[in-house]
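Me: Could you go through this structure with me? I have it open and would like to start with the strands.

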Amino acid sequence: MIRVLVWCEHHQDQFQDNVKETYPEFMHNAIANFLREDRNLDVKTATLYDDENCGITDEVLANTDVIIWWGHVRHHDVPDEIAAKVQKFVINGGGFVPLHSAHFCKPFIRLMGTTCGLGVDGFGKHTINCVRPGHPITKGVPELFELPVEERFVEFYDVPQPDELIYVTGYETGRTFRSGCAYYRGRGKVFYFQPGHETNPTYRDKNIQQVIKNAVYWVAPNRD
Ligand code: ZN
């Protein structure tokens with residue numbers, strides 16, 4: 001079993017009407033629910049304010065293989081010492097999958113060592129191109145697929161050049177974004193994946209679900 005912790009700040013999905021309408025079950029549950037369809041994944045959730053230490057304790061980390069992280073407007077409420085714990089978790093072999101606006105979460109910035117800033121250019125159709133066919137993260141996913149509406153993140157994305165660039169998204173505007181970036185850090189692995197704005201039902205899309213599931217398997221520690 002791969003032990004997965006789905007971490008969400010759980011703020012807009014409590015207090016913002018259009019987010020509550022999109023994810024009435026809350027975002028962490030929306031993500032955890034499709035992962036739980038896989039019987040090889042043991043999936044738990046944690047949120048910023050409702051759990052002790054933001055849900056990131058030494059005991060939790062000792063019993064976790066992969067952390068999925070969704071945050072947006074409350075990154076600053078994650079204490080630096082919690083971010084350092086997550087960074088250490090990855091360096092020691094843990095897996096980390098920051099989604100969408102988690103490009104600005106403290107653990108990701110610590111792991112990248114750059115600003116992790118990017119451009120935002122409204123909303124529109126996403127054409128998601130696999131640029132690394134055969135990579136485990138792409139298994140069972142079409143090499144080209146679309147999302148009808150998502151938030152357009154655009155270059156320049158200030159992250160280190162990915163160790164493995166898996167997806168590049170194109171827009172009708174002509175701009176692009178490196179939307180699926182894989183990194184090795186210490187003994188651990190990181191996969192950043194861009195889709196997943198809180199007012200779009202992106203986490204209900206089967207291709208997106210498959211990429212995130214594949215990412216869990218790819219970043220999980222190799223215990224052989
Ligand atoms: Zn967004």
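Reply: Gladly, and please keep in mind that this is a predicted model. A good place to begin is strand β7, residues 164-170, which pairs with β8 in the antiparallel sense over 5 bridges. Within that pairing, T169 has F177 of β8 as its bridge partner, and G170 is matched with T176 in β8.

Me: What sits between β7 and β8?

Reply: The two strands form a hairpin with 5 residues between them, and in the turn G174 has a positive phi of about 95°.

Me: And what does β8 do with β9, and over how many bridges?

Reply: β8 and β9, the latter being residues 188-193, also pair in the antiparallel sense, here over 6 bridges. R185 stands opposite G188 in β9, and the hairpin that these strands form has 2 residues between them, with G186 in the turn showing a positive phi of about 60°.

Me: Is β8 buried or exposed, on the whole?

Reply: Of the 10 residues in β8, residues 176-185, 8 are buried, so the strand is largely enclosed by the rest of the structure. β7 is mostly covered too, with 6 of its 7 residues buried.

Me: Which strand pairs with β7 besides β8?

Reply: That is β5, which pairs with β7 in the antiparallel sense over 4 bridges. The bridge partner of I128 in β7 is T169, the residue that is also bridged to F177 in β8.

Me: Where do these strands fall in the whole sheet?

Reply: They belong to an open sheet of 9 strands with mixed pairing, ordered β2-β1-β3-β4-β9-β8-β7-β5-β6. The edges are held by β2 and β6, each of which has a single partner strand, so one side of each is left without a neighbour in the sheet. On average, and with direction ignored, neighbouring strands of this sheet are turned by 25° against each other.

Me: Switching to the metal, which residues hold the zinc ion?

Reply: The protein donors are H100 through NE2, E151 through OE and H197 through ND1, and they lie 1.9 to 2.1 Å from the zinc ion. Their spacing in sequence is H-x50-E-x45-H. E151 lies in strand β6, residues 144-154, while H197 is in the loop between β9 and α7, so the pair ties together parts that are 46 residues apart in sequence.

Me: Are E151 and H197 buried or exposed?

Reply: Both E151 and H197 are buried.

Me: Now the helices: where does α3 lie relative to the strands?

Reply: α3 lies across β1, β2, β3 and β4, and its direction runs at about 175° to that of β2. The helix covers residues 27-36, and 7 of those 10 residues are buried, so α3 is largely enclosed by the rest of the structure.

Me: Which ones are buried, and what covers them?

Reply: The buried residues of α3 are M27, H28, A30, I31, A32, F34 and L35. Their cover includes the strands β1 (2-8), β2 (41-47), β3 (66-70) and β4 (95-99), together with the helices α1 (12-15) and α7 (206-219).

Me: I also clicked on G134, so where is that, and is it buried or exposed?

Reply: G134 is found in the loop between β5, residues 119-130, and β6. It is exposed, because its relative accessible area is 72%, and anything over 50% counts as exposed. The C-alpha atom of G134 is separated by 38 Å from that of P79, which is 55 residues apart from it along the chain.

Me: Zooming out, how many helices and strands are there, and what are the overall dimensions?

Reply: The protein chain has 7 helices and 9 strands, and its C-alpha trace spans about 45 × 40 × 35 Å along the principal axes. For 224 residues a compact globule would have a radius of gyration near 17 Å, and the 16 Å of this chain agrees with that.

Me: What about burial and surface for the chain as a whole?

Reply: Of the 224 residues, 56% count as buried. The accessible surface comes to about 9600 Å², and 48% of it belongs to carbon and sulfur atoms.

Me: Last one: what share of the contacts is between residues 24 or more positions apart?

Reply: Among contacts in the protein chain with a separation of 6 or more, residues 24 or more positions apart account for 71%.

Definitions and conventions: Residues are numbered from 1 along each chain as its sequence is written. This is a predicted model: local features need pLDDT of at least 70, side-chain atom pairs count only at pLDDT 80 or more; totals for chains, interfaces and linings use all residues. Side-chain values use heavy atoms; hydrogens and water are left out. Buried means under 20% relative accessible area, exposed over 50%, partly exposed in between (1.4 Å probe, protein chains only). Two strands pair if DSSP finds at least two bridges between them. Contact means heavy atoms within 4.5 Å. Donors are N, O and S atoms within 2.8 Å of the metal (3.2 Å for Na, K and Ca); water is not among the atoms, so sites may look incomplete. Axes are lines fitted to C-alpha atoms, for helices over the stretch in contact, and angles run from 0 to 180 degrees between N-to-C directions. The radius of gyration is taken over C-alpha atoms; the globule rule is 2.2 Å times the number of residues to the power 0.38. Accessible areas come from the Shrake-Rupley method with a 1.4 Å probe; for residues, only the protein chains shown count as cover.
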